[in-house]
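Trainee: Could you walk me through this one before I set anything up?
Mentor: Sure, have a look at it and then ask away.

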Amino acid sequence: MRWFGANSFATPTAGVVVAHIKSFLEEFQRDKTQFCCDAKLLRRIALDDGESMRLIAENLSGERGGEAVFAGVGFDLAAGESLTVTGPNGAGKSTLLRVIAGLLPTAAGNVRLDGGGEEWPTVAASSHYLGHQNAMKTALSVAENLRFWQDFAGQPQLGVGEALEMVGLGGLDHLPYGYLSTGQRRRAAIAKLLVSYRPIWLLDEPTAGLDKASEAQFSALMRVHLEDGGIVIAATHLPLGLEGAKTLEMGGSPSPMPC
Ligand SMILES: Nc1ncnc2c1ncn2[C@@H]1O[C@H](COP(=O)(O)OP(=O)(O)OP(=O)(O)O)[C@@H](O)[C@H]1O
């Protein structure tokens, strides 16, 4: 239970992350009940005790249909750090995310998670992947979709209703997912990040289709995730409001190390 779990990757503190999310929710929705006032202190204890987690890629190459798409990609992200991946259409941003997530094989090089301990043994097991497709069934209700993903992913955090409130979809849980607008669908997909915990978020154009207010709220969610020791890699054509994010520009050959 450590969505916003600091470097608590090695030393989980049950309930802390949920408390933090809920206090964050309170910032946006003032009438929410106050939860666990000592969340920050507990997170600090977890930070002090926890082993540092790092997501490292070395000389990573990826291909599609047998053709090289990118080569020589490297990065080193500590807990709390983010990387924005930019570049023109077709540069290989989505391919890179899928390689990191373990959905495509690496053509060369490697990506690994150091310090994940027994609970987070691999990058794939430690990651939420939010792709262009939202991976929801249109005929199922919003709540049924999220319950499926929570059961599938395990590590439950926020309840479905709470997660939907966090993305501004409170009260729409009963609607078939297919009834939602494009932006609402994206917001429901973002709620998947909140119903189960993963320290690494791999996000492909996460704010595509979102209105300005939703963009800002999602930026805040990412910042809270980072503050608590999460790692974010986001491919994007739009500013994401991630201050201090490392950057990786794709489309050159080979791709440079992020600065
Ligand atoms: N299944 C596939 N088979 C063959 N080629 C593919 C496949 N999927 C993608 N490609 C090619 O791989 C290259 C990289 O695609 P990718 O989707 O990673 O780019 P991108 O940088 O994410 O683009 P965009 O900004 O448009 O989302 C493109 O030239 C694309 O045509």
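What follows is a short round of questions and answers on this chain.

Mentor: Before you start, this is a predicted model, where local features need pLDDT of at least 70, side-chain atom pairs count only at pLDDT 80 or more, and totals for chains, interfaces and linings use all residues. Residues are numbered from 1 along each chain as its sequence is written.

Trainee: How many helices and strands are there in the chain?
Mentor: Helices (H or I, at least four residues) and strands (E, at least two) are DSSP runs, numbered from the N terminus. Counted that way, the chain has 7 helices and 8 strands.

Trainee: Is helix H6 mostly covered or uncovered?
Mentor: A residue is buried if 20 or more other C-beta atoms lie within 10 Å of its own, exposed if 12 or fewer, and partly exposed in between, with C-beta atoms placed from the backbone. In H6, residues 182-195, the buried ones include Arg186, Arg187 and Lys192. With 11 of its 14 residues buried, H6 is mostly covered.

Trainee: Which helix gives the largest share of the largest nonpolar core?
Mentor: Such a core is a set of buried Ala, Val, Leu, Ile, Met, Phe, Trp, Tyr and Cys residues joined through C-beta atoms within 7 Å. This one has 58 residues, and Ile100, Ala163, Ala191 and Leu202 touch the most other members. The largest share, 7 residues, comes from H6.

Trainee: Which helix gives the most to the shell around the ligand?
Mentor: Residues around the ligand include Arg64, Asn89 and Lys93, where being near means a C-beta atom, placed from the backbone, within 6 Å. The biggest contribution, 3 residues, comes from the helix spanning 93-101, H3.

Trainee: Why does Tyr179 count as exposed?
Mentor: Tyr179 sits in the loop between helix H5 (160-166) and H6. Tyr179 counts as exposed because of its number of other C-beta atoms within 10 Å, which is 12.

Trainee: What is the phi of Gln155, roughly?
Mentor: Gln155 lies in the loop between helix H4 (142-153) and H5. Gln155 is partly exposed, with 16 other C-beta atoms within 10 Å. Its phi is positive although Gln155 is not a glycine, at about 45°.

Trainee: And where is Glu205 found?
Mentor: Glu205 also has a positive phi, near 45°, in a residue other than glycine. Glu205 is partly exposed, with 18 other C-beta atoms within 10 Å. Its place is the loop between strand E6 (200-204) and helix H7 (212-227).

Terms used: Expected span 1.5 Å × (residues − 1).
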